[in-house]
Amino acid sequence: MLDLTDDAPDHPSTDRPGGRRQPDTVLAGENFPVALRVLPSRIRRHLLALYWYARHVDDLGDEPDRSGRNETPAVRLAALDRFDAEVRALYHGRLPRHPVLVKLAPTVVDCRLPIDPLLRLIEANRRDQTVSRYPTFGALVDYCHLSADPVGELVLHVFGAASPDRIRLSDRICTALQVVEHLQDVAEDRRRGRIYLPTEDLAAAGVPEEDLDAPRAGERLRTVVRRQAQRAADLLDAGAPLLGDLRGWARIAVGGYVAGGRAALTALARAGYDPLPGPPKPTRAGIAAAWVRSYRTSRAAPHPSGARG
């Protein structure tokens with residue numbers, strides 16, 4: 001998920017050493033929770049349940065344990081398998097025990113969430129245990145279908161707005177947002193032993209993996225980053241007609257996600273496509289401007305065929 005503000009949280013961080021920020025500290029900063037602030041409490045409650053689910057699955061696949069020790073892939077895979085079984089049990093009518101699923105259960109019922117996108121998020125984290133490089137951009141898009149697209153599909157279900165056409169457009173937006181996050185986190189991912197820049201693009205530009213360890217990106221690496229940023233921008237544009245087909249709170253929420261992605265791309269360009277010193281962060285003014293642009297362009301966009309209001 002993207003960080004939509006360059007402001008620090010108002011409270012001290014409780015992050016575990018060596019890991020990502022925890023949910024209580026990211027609620028002030030990432031695009032998924034920020035969009036919640038203006039939404040009605042019922043919708044906000046459902047979206048937060050999805051957020052905690054996605055965050056927990058991501059933690060199972062990525063975070064150190066409470067002592068700061070990194071688990072082995074085998075241990076992580078076993079934990080993911082156990083949680084997968086708990087999700088399947090919930091859909092077979094068994095009362096959940098895990099607190100994340102206790103929170104999610106009312107959303108599953110009220111919003112008629114399908115199980116497939118929930119399981120794909122788990123599968124993405126399984127893949128993270130065995131795959132650390134992606135040879136082509138197409139292979140990366142396939143990974144995003146597991147790691148990012150399910151979130152957008154679930155959000156559409158929360159708003160009662162899911163349809164095959166809308167989900168296809170949402171997939172483009174979510175894949176774009178995931179690519180943008182990867183571009184922001186090149187240095188962090190490299191430290192974790194992962195590279196989400198396509199191997200063939202790095203090779204074509206003559207960029208060895210060791211260049212990702214430098215304090216600043218050289219011109220050839222910036223060229224690779226710029227190419228991925230353009231791909232992400234094209235995907236956002238391809239998915240943007242979804243906004244014109246949504247109404248009310250759904251349009252406001254999805255518009256916030258699209259605006260966050262565009263503002264993040266602007267911040268990356270402002271940094272000269274060099275993410276190595278740290279993730280280039282968009283400003284609030286940049287997000288607001290991107291949100292306005294998204295609304296204006298969505299009004300002129302044709303509605304997807306077959307989508308219903």
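**Close-up 1. The backbone nitrogen of Ala 217 sits 3.1 Å from a polar side-chain atom of Asp 274.** This is a predicted model, and here we look at what surrounds that aspartate. Asp 274 belongs to the loop that runs between α14 (248-270) and α15 (284-300). Despite being a loop residue, Asp 274 counts as buried, because its relative accessibility is just 3%. Leaving aside residues up to four places away in sequence, Asp 274 touches Arg 216, Ala 217, Arg 222 and Pro 280.

**Close-up 2. Cys 144 and Cys 174 don't form a disulfide with each other.** Their sulfurs are 9.7 Å apart, which is too far for a bond; a disulfide would need them within 2.5 Å. For the sulfur of Cys 144, the one in Cys 174 is the closest cysteine sulfur, and looking back from Cys 174, the nearest is that of Cys 144. Both side chains belong to buried residues: Cys 144 has 0% relative accessibility, and Cys 174 comes in at 11%. Searching the whole structure for disulfides turns up zero.

**Close-up 3. The largest cavity has a volume of about 50 Å³.** Elements that supply two or more residues to its lining are α9 (164-184) and α10 (186-191). The full lining is made up of His 182, Leu 183, Val 186, Asp 189, Arg 194, Ile 195, Tyr 196, Leu 197 and Leu 212. Sorted by class, that's six nonpolar residues, one polar and two charged. Across the whole structure, a search picks up three cavities of 30 Å³ or more.

Technical notes:
Residues numbered from 1 in each chain as written. Predicted model: local features only at pLDDT ≥ 70, side-chain atom pairs only at ≥ 80, totals over all residues. Heavy atoms only, no water. 1 Å grid on protein atoms, 1.4 Å probe; cavity = no way out; pocket = protein on both sides within 12 Å on 5 of 7 lines; lining within 4 Å. Points joined across faces, edges and corners; volume = space filled by probe spheres on them. Helix = DSSP H or I, 4+ residues; strand = E, 2+ residues; numbered from the N terminus. Nonpolar A, V, L, I, M, F, W, Y, C, P; charged D, E, K, R; others polar. Buried < 20%, exposed > 50% of the residue type's maximum accessible area, 1.4 Å probe, protein only. Polar contact = N/O pair within 3.5 Å; in protein donor to acceptor, adjacent residues only side chain to side chain. Contact = heavy atoms within 4.5 Å.
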